[in-house]
Amino acid sequence: MGTNPQTMAWILDEYSKFHGYSPAVVTGKPIDLGGSLGRDAATGRGVLFATEALLNEHGKSVAGQRFVIQGFGNVGSWAAQLIHEAGGKVVAVSDISGAIKDKNGIDIPALLKHVKEHKGVKGFGGANAIESSSILAEDCDILIPAALGGVINRENANDIKAKFIIEAANHPTDPEADEILSKKGVVILPDIFANSGGVTVSYFEWVQNIQGFMWDEAKVNAELKKYIQQGFKDVKEMCKTHNCDLRMGAFTLGVNRVARATVLRGWEA
Ligand SMILES: NC(=O)C1=CN([C@@H]2O[C@H](COP(=O)(O)OP(=O)(O)OC[C@H]3O[C@@H](n4cnc5c(N)ncnc54)[C@H](OP(=O)(O)O)[C@@H]3O)[C@@H](O)[C@H]2O)C=CC1
Ligand SMILES: O=C(O)CCC(=O)C(=O)O
């Protein structure tokens, strides 16, 4: 959060001063310095693919669902754009400047233009201003926290109206809120899976750097889709085996993989 490809270029430059030109040492770089096509949109695109996988499981699709998104930076703005293109209705968004709402669906391309010009969602003419503090409790089908950690807690968990929460930010829901929401029947797609599109395409960037070969954007996006769809199936399988929720399923899957590799190498388990 609060960084961009320029920041990563400086990290690459500093490291390379001491160790020679080493593009694979950091990811999220500008394309001209060995960045990957599609990395900019990857976390938001992964959020879309992960949301599609979850909704399919519930006999629904993104089209026609009402979304609320907290945060309109790299992740939130790409998620909003791709959800809008997929036919989803983004009914409220917020950033540090304020929060806006239109129950008929915000015109996201127009909002992106406004944000570019005004550095924030505040003052956008195509929607009504609302209190930033009310964003998580806005009426919607799907809530996407895409800003800070710890925003969903015991103070506000009971006010949440969404049926699904897609954790695009890192650790937006604290454990007490998790319990409250679970009792309310809210389905949470955990950060470790929901925002993994970013680190997945960072992995693709590293692969391209060590191969010395650049993929086209269609290949990046197709590989990302494959990983997210397979990841969702694997998490669901874990949930079935252990009769647990998606967060526990995702963690169990990850820990099991590391444990298996550790044992295979002959280390103490
Ligand atoms: N970028 C990535 O690839 C990945 C990001 N993440 C996580 O996603 C989240 C967002 O990251 P990213 O989009 O990259 O960060 P950015 O810095 O690009 O965007 C953050 C956004 O959150 C907004 N924001 C900050 N504070 C608040 C607040 N109190 N209420 C509402 N909005 C707020 C910012 O507003 P403003 O612009 O006005 O300051 C901005 O719109 C973080 O939790 C990050 O760890 C997870 C995986 C990958
Ligand atoms: O690109 C990466 O390696 C990780 C990005 C990420 O997870 C984050 O920004 O929180």
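Which side chain is joined to that of K29 by a polar contact of 2.8 Å? The partner is N209. A polar contact is a pair of N or O atoms within 3.5 Å; within protein, one atom must be able to donate a hydrogen and the other to accept it, and residues adjacent in sequence count only if both atoms are side-chain atoms.

The structure is a predicted model, in which local features need pLDDT of at least 70 and side-chain atom pairs count only at pLDDT 80 or more, while totals for chains, interfaces and linings use all residues. Residues are numbered from 1 along each chain as its sequence is written, chains are lettered from A and ligands numbered from 1 in the order in which they are written, and side-chain values use heavy atoms, with hydrogens and water left out.

K29 sits in the loop between α1 (5–19) and α2 (39–57). Helices (H or I, at least four residues) and strands (E, at least two) are DSSP runs, numbered from the N terminus. K29 counts as buried because its relative accessibility is 3%. Buried means under 20% relative accessible area, exposed over 50%, and partly exposed in between (1.4 Å probe, protein chains only). Besides the contact with N209, the side chain of K29 reaches the backbone oxygen of V26 at 2.6 Å.

The chain is divided into domain 1 (1–35) and domain 2 (41–194). These bounds come from an automatic or database domain assignment. The centres of the two domains, taken over C-alpha atoms, are 30 Å apart.

Strand β2 (residues 89–95) pairs with two other strands. Two strands pair if DSSP finds at least two bridges between them. With strand β1 (residues 66–70), β2 forms five bridges in the parallel sense. V68 has A92 of β2 as its bridge partner. I69 stands opposite V93 in β2. With strand β3 (residues 98–101), β2 runs antiparallel, joined by four bridges. Here A92 has K101 of β3 as its bridge partner. A92 thus appears in both pairings, with V68 and with K101. Two residues lie between β2 and β3, and the two strands form a hairpin. β2 is mostly covered, with six of its seven residues buried.

β1 also pairs with β5 (142–145). That pairing is parallel and has four bridges. Q70 stands opposite P145 in β5. β1 is mostly covered too: four of its five residues are buried. In a regular strand the side chains alternate between the two faces of the sheet.

Helix α3 (residues 74–85) joins β1 and β2 in a right-handed β-α-β unit. A crossover is right-handed if, with the strands pointing away from the viewer, the path from the first strand over the helix to the second runs clockwise.

Ligand 1 is surrounded by 20 residues. A residue is near a molecule or strand if one of its heavy atoms lies within 4 Å of it. The closest are G2, T43, V75, I96 and A147. A polar backbone atom of G2 is 2.8 Å from an oxygen atom of ligand 1. For T43, an N or O atom in the side chain is 2.6 Å from an oxygen atom of the ligand. A polar backbone atom of F72 is 2.9 Å from an oxygen atom of ligand 1. Taken alone, ligand 1 exposes 900 Å², and the protein buries 74% of that. Accessible areas come from the Shrake-Rupley method with a 1.4 Å probe; for residues, only the protein chains shown count as cover. The elements that give two or more residues to the shell around ligand 1 are α2, α3 and β2.

Around ligand 2 are T27, R39, N170, G198, V199 and S202. Helix α7 (residues 196–211) gives the largest share of this shell, three residues. Side-chain N or O atoms of R39 and S202 lie 2.8 Å and 2.5 Å, respectively, from an oxygen atom of ligand 2. A polar side-chain atom of N170 is 2.8 Å from an oxygen atom of ligand 2. Taken alone, ligand 2 exposes 290 Å², of which the protein buries 52%.

A162 lies in the loop between β5 (142–145) and β6 (164–166). A162 counts as buried because its relative accessibility is 4%. K122 is 40 residues from A162 along the chain, and their C-alpha atoms are separated by 24 Å.
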